[in-house]
Amino acid sequence: MSGKPKRLIAANKKAYHDYFVDDTFEAGIELCGTEVKSLRQGAVNMRDSYCQIKNGELLLYGMHISPYEKGNIFNRQPYRERRLLMHRREIMKLFGLVGQKGFSIIPLSMYFSGKWVKVEIGLCRGKKLYDKREAEAEKTARRDIERESVVRSV
């Protein structure tokens with residue numbers, strides 16, 4: 001990775017709750033001008049978004065980018081499919097891994113890398129309900145331990 005500064009636009013926290021993230025990749029995204037202006041204002045929702053590979057292209061579905069309020073006729077549909085930009089061999093590697101049972105490609109975060117918009121995607125396996133409960137219990141236990149250590153240090 002280069003030394004370009006990264007500025008986070010949005011993070012998909014629900015993805016970490018619903019999936020085990022096995023591997024992460026960085027991809028560019030094909031956007032129009034008014035969408036970039038909306039991203040600079042932080043008007044994006046990645047909650048139920050996912051990626052699929054069709055005809056050798058990686059496409060992003062379900063991501064909502066609000067229309068730019070000063071964009072008039074140049075605004076695009078908020079939920080349109082967007083193409084992610086990766087090298088063909090990386091896409092084919094993902095295609096082979098997604099073919100295995102239970103894997104999905106989920107966008108994890110979106111950020112500016114210099115002047116370019118990048119999307120961090122994850123190769124994910126779905127969590128079962130008992131996995132979610134176990135993760136929540138661990139999180140609560142860590143929070144309680146941290147709270148006790150703060151109280152004892154004061």
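Does Asp18 count as buried or exposed, and what is its relative accessibility? In this predicted model, Asp18 sits at 18% relative accessibility, so the residue counts as buried, given that the cut-off for buried is under 20%. Asp18 belongs to helix 1, which covers residues 13-18. Setting aside neighbours within four places in sequence, the contacts of Asp18 are Arg125, Gly126, Lys127 and Lys132.

Next comes the nonpolar interior. The largest nonpolar core has 26 residues, and the members that touch the most others are Val44, Leu58, Leu84, Leu94, Met110 and Ile121. Plenty of elements chip in: at least two core residues each come from strand 1 (6-11), strand 2 (19-29), strand 4 (50-54), strand 5 (57-61), helix 3 (88-98), strand 8 (103-113) and strand 9 (116-126). Take Ile121 as an example. Apart from neighbours within four places in sequence, Ile121 is in contact with a list of residues including Phe25, Cys51, Leu58, Leu84, Met86, Leu94 and Ile105. Leu58, Leu84 and Leu94 also appear among the core members that touch the most others.

Helix 2 tells its own story. Within this helix (residues 33-40), Thr34, Glu35, Ser38 and Leu39 are buried. Looking down the helix 2 axis, these buried residues fit within an arc of 145°, so they line one face of the helix. As a general rule, an α-helix has 3.6 residues a turn, so residues three or four places apart point the same way. The buried residues of helix 2 pack against strand 1, strand 3 (44-45), strand 6 (64-65), strand 7 (82-85), strand 8 and strand 9. After helix 2 comes Gly42, with a positive phi near 80°.

How values were computed
Residues numbered from 1 in each chain as written. Predicted model: local features only at pLDDT ≥ 70, side-chain atom pairs only at ≥ 80, totals over all residues. Heavy atoms only, no water. Helix = DSSP H or I, 4+ residues; strand = E, 2+ residues; numbered from the N terminus. Buried < 20%, exposed > 50% of the residue type's maximum accessible area, 1.4 Å probe, protein only. Contact = heavy atoms within 4.5 Å. Core = buried A, V, L, I, M, F, W, Y, C linked by side-chain atoms within 4.5 Å. Arc of directions from axis to C-beta.
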